[in-house]
Amino acid sequence: MVTITKENLSTIEATCSCGHAFDSVWISPRAYHKPVKFWYGIFWGHSGGKPDKIEWVCRRCHDVVGVSTDPEHLLHYRHA
Ligand SMILES: [Zn+2]
């Protein structure tokens with residue numbers, strides 16, 4: 001797993017357990033919210049704002065290939 005910033009996003013060379021590269025169609029970004037914020041969002045009827053981190057996950061082997069806490073990524077992928 002690698003840490004992703006907006007500087008290295010286009011040059012990531014990480015692969016998951018089943019061998020897919022970071023730019024493969026199997027790898028998709030996913031917004032991660034802390035569970036406590038998730039329930040808070042349900043209860044109060046809003047999404048809780050920005051996620052805590054963005055994870056790039058393989059949809060076949062569920063490996064987390066990369067993770068980003070870059071504020072621009074949090075904003076860009078917050079509904080992923
Ligand atoms: Zn995989």
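Strand S2 (residues 27-32) is joined to strand S3 by 6 bridges, and the two strands run antiparallel; strands here, like helices, are DSSP runs numbered from the N terminus, with at least two residues (E) required for a strand and at least four (H or I) for a helix, and two strands are taken to pair if DSSP finds at least two bridges between them. The model is a predicted one, in which local features need pLDDT of at least 70 and side-chain atom pairs count only at pLDDT 80 or more, whereas totals for chains, interfaces and linings use all residues. Residues are numbered from 1 along each chain as its sequence is written. Within the pairing of S2 and S3, Pro29 stands opposite Trp56 of S3.

S3 also pairs with S4, again in the antiparallel sense, over 4 bridges, and in this second pairing Ile54 stands opposite Ser68 of S4. S3 is mostly covered, since 6 of its 6 residues are buried, a residue being buried if 20 or more other C-beta atoms, placed from the backbone, lie within 10 Å of its own, exposed if 12 or fewer do, and partly exposed in between. The cover extends to both faces of the strand, with Lys53, Glu55 and Val57 buried on one side and Ile54, Trp56 and Cys58 buried on the other. In the protein as a whole, buried residues make up 19% of the 80 residues.

The hairpin of S3 and S4 has 5 residues between its strands. His62 lies in this loop, ahead of strand S4 (64-68), and has a phi near 60°, a positive value in a residue other than glycine. His62 counts as exposed because it has 10 C-beta neighbours inside 10 Å.

On the other side of S3 in sequence, Pro51 lies in the loop between helix H1 (35-44) and strand S3 (53-58). Pro51 counts as buried because 23 C-beta neighbours lie inside 10 Å. When neighbours within four places in sequence are left aside, Pro51 is in contact (C-beta atoms, placed from the backbone, within 7 Å) with Ala31, Tyr32, His33, Leu74 and Arg78. The C-alpha atoms of Pro51 and Thr69, which are 18 residues apart along the chain, are separated by 8.9 Å.

Overall, the protein has 2 helices and 4 strands, which follow the pattern β-β-α-β-β-α along the sequence. Among contacts between residues at least 6 apart in sequence, 57% join residues at least 24 apart.

Conventions
Two residues are in contact if their C-beta atoms, placed from the backbone, lie within 7 Å.
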